[in-house]
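Me: I have a model open in my viewer, and I would like to go through some of the words used to describe it. Could you take me through the reasoning behind them?

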Amino acid sequence: MKRNRRAKIVATLGPNAKDKDHIRKLAEAGVDVFRLNFSHGSHDDHALRAQWIREVDQELGRHLGVLMDLQGPKLRIGAFKDGDSVMLKKGDKFKLYRTEREGDKDGVYLPHEELFMVMEPGLELLINDGRMSLRVLSLDDEGALCEVHIGGEISDRKGVNVPAALLPVTALTPKDLEDLEFGLSIGVDWCALSFVQRPEDLRQAHELIQGRAKLLAKIEKPQAVDNLEAIIEEADGVMVARGDLAVEYSAEKVPMVQKKVIGMCREAGKPVIVATQMLESMIDAPVPTRAEASDVANAIYDGTDAVMLSAESAVGKYPYETVRMMSKIIETTENDPSHYGMIRAHHIEFNATDGDAISAAAADVARARGGKAICTFTSSGSSATRMARTRTRTPILAITTSLATARQLTLVWGVSTAKVDGDDAIKNFKEMVQMGCSMAKKAGLAKNGERVVIIAGMPFGSSGSTNILRLADVGAFEVS
């Protein structure tokens, strides 16, 4: 199942995923990584879907990634009397109470003492995904008296966002801790941490994960944008979560943040996903809007590693058509003659290391000598990710003895993966070249008489040892 594109597709599984056949159809349509959203569904639901993904992975003979997305600290108001809703208009006074009580036109319970800790007069609170806005007037023992700045209908358990405050909360709630351990037990490849505010949030998660999966930081708060460089350095990858980011940081700033995050991740050699409402209209329609097609294409022009579908694939009426459409947009954009020029226009400063030098040279050699593939032998995945950082037009084949690494690399731009037997199977560099040629041929990337570029390090399996480059003729070097 050779892909004719470099950027990857992440698709969310939800109520639509009722059987393994659904997973297979999504994978055949173009999904590279499946997202399990732990804000919804039971552990049994996620375990069964993860099992189906692994079975489809084996049946199709290609690696598929599994991304678990933790809910994070969701802040919500309490309930209203008899489940009624209340209509508030600009200028109304409305109180947020510290102690539990039924809501009415005068106020509602806010069960988050940590919010009261950062409240002060003038602070803005956004309700129901930013549809309503309250401004704090004063504080007392009962709670916070607010004035309605943007009115609307308010009802049970609506979400609360506080854009201007650094909240004294951890990114991992008790529910997240339980979900994280469960997700790791079923073998997820990536873990997405929600509402990251600072690099310390990621360090806590890394300590708990202990290398069992890669860690993805979701950028959805202004504080994360302020700490972007440190967060990217600490994370294994990043997601531009445009939904909450638009609420917290304002919609008009989201495109700027998206481009900034993609650029910084490319500089750092970390995979980046652009997410939320990419083909939203296809939840109910078989074709996207022109604006949505342009949105996906712009992310590809910027060089994102992956684009993500949420409700479109989780609950939408046209999940397979949506994946095929996203794949078609990516392919068309990548085939635009100006695409490569735009990607290369973002000049990447490579580090003064053997690995970076070999990667840059491999891209140049493949381009100058017509290499059909760049085969990189990797144990941790770092050399393949470093190769992807060059945004070479030549397909990258990552050859690894680690099944976990092969699956984690499904998120990385331009990389296809091949799992081989243990380190003892390769004794010297000549055997590496033979295996690289054979695997490139098997993957459909090259045929006899064509050339591939091999990069590796000896001994095979030693992380960070990439120091050898070889241009090889397929057919002349093959494992018998």
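What follows is a short conversation about helix packing and empty space in this predicted model.

Me: Let's start with helices α1 and α12. Why are they called roughly parallel to each other?

Reply: Happy to help! Helix α1 (residues 20–29) and helix α12 (residues 319–335) pack at an angle of about 20 degrees. Angles under 35 degrees count as roughly parallel, and therefore α1 and α12 get that description. Their axes are 8 Å apart, and α1 passes α12 in a right-handed crossing.

Me: Which residues of α1 and α12 meet?

Reply: From α1 come His22, Lys25, Leu26 and Ala29, and from α12 come Pro319, Tyr320, Val323, Arg324 and Ser327. Sorted by class, this contact has 5 nonpolar, 2 polar and 2 charged residues.

Me: Now for α10 and α13. What makes α10 oblique to α13?

Reply: Here the packing angle between α10 (residues 290–302) and α13 (residues 337–345) is about 50 degrees, with the axes 8 Å apart. Roughly parallel needs an angle under 35 degrees, and roughly perpendicular runs from 65 to 115. An angle of about 50 degrees fits neither range, so α10 is oblique to α13.

Me: How do you know which residues make the contact of α10 with α13?

Reply: The test is heavy atoms within 4.5 Å. On the α10 side the contact is made by Ile300, Tyr301 and Asp302, and on the α13 side by Ser338, His339, Met342 and Ile343. By class, that gives 4 nonpolar, 2 polar and 1 charged residues.

Me: On to the empty space. What makes the second largest cavity a cavity, and how much space lies in it?

Reply: A cavity is a place where a 1.4 Å probe fits but cannot get out. The structure holds 2 cavities of 30 Å³ or more, and about 60 Å³ of space lies in the second largest one. Its lining includes Cys265, Arg266, Lys270, Asp305, Thr385 and Arg389.

Me: Which helices supply at least two residues each to that cavity lining?

Reply: Those are α9 (254–268) and α15 (382–389). Helix α15 gives the most, with 3 residues. By class, the lining has 4 nonpolar, 2 polar and 5 charged residues.

Me: And why is the second largest pocket called a pocket and not a cavity?

Reply: The word pocket is kept for an open set of points, whereas a cavity is a set from which the probe cannot get out. About 920 Å³ of space lies in the second largest pocket. Of its 33 lining residues, Gly61, Arg62, Ser416, Thr417 and Ala443 lie nearest its centre.

Me: What gives the most to the lining of the second largest pocket?

Reply: That is β19, with 5 residues. Elements that each supply at least two include α2 (43–60), β18 (396–400) and α17 (429–442). The lining divides into 14 nonpolar, 8 polar and 11 charged residues.

Technical notes: Residues numbered from 1 in each chain as written. Predicted model: local features only at pLDDT ≥ 70, side-chain atom pairs only at ≥ 80, totals over all residues. Heavy atoms only, no water. Axes fitted to C-alpha atoms, helices over the stretch in contact; angles between N-to-C directions. Helix = DSSP H or I, 4+ residues; strand = E, 2+ residues; numbered from the N terminus. Parallel < 35°, antiparallel > 145°, perpendicular 65-115°, else oblique. Nonpolar A, V, L, I, M, F, W, Y, C, P; charged D, E, K, R; others polar. 1 Å grid on protein atoms, 1.4 Å probe; cavity = no way out; pocket = protein on both sides within 12 Å on 5 of 7 lines; lining within 4 Å. Points joined across faces, edges and corners; volume = space filled by probe spheres on them. Left-handed = near helix turned anticlockwise from the far one by under 90°.
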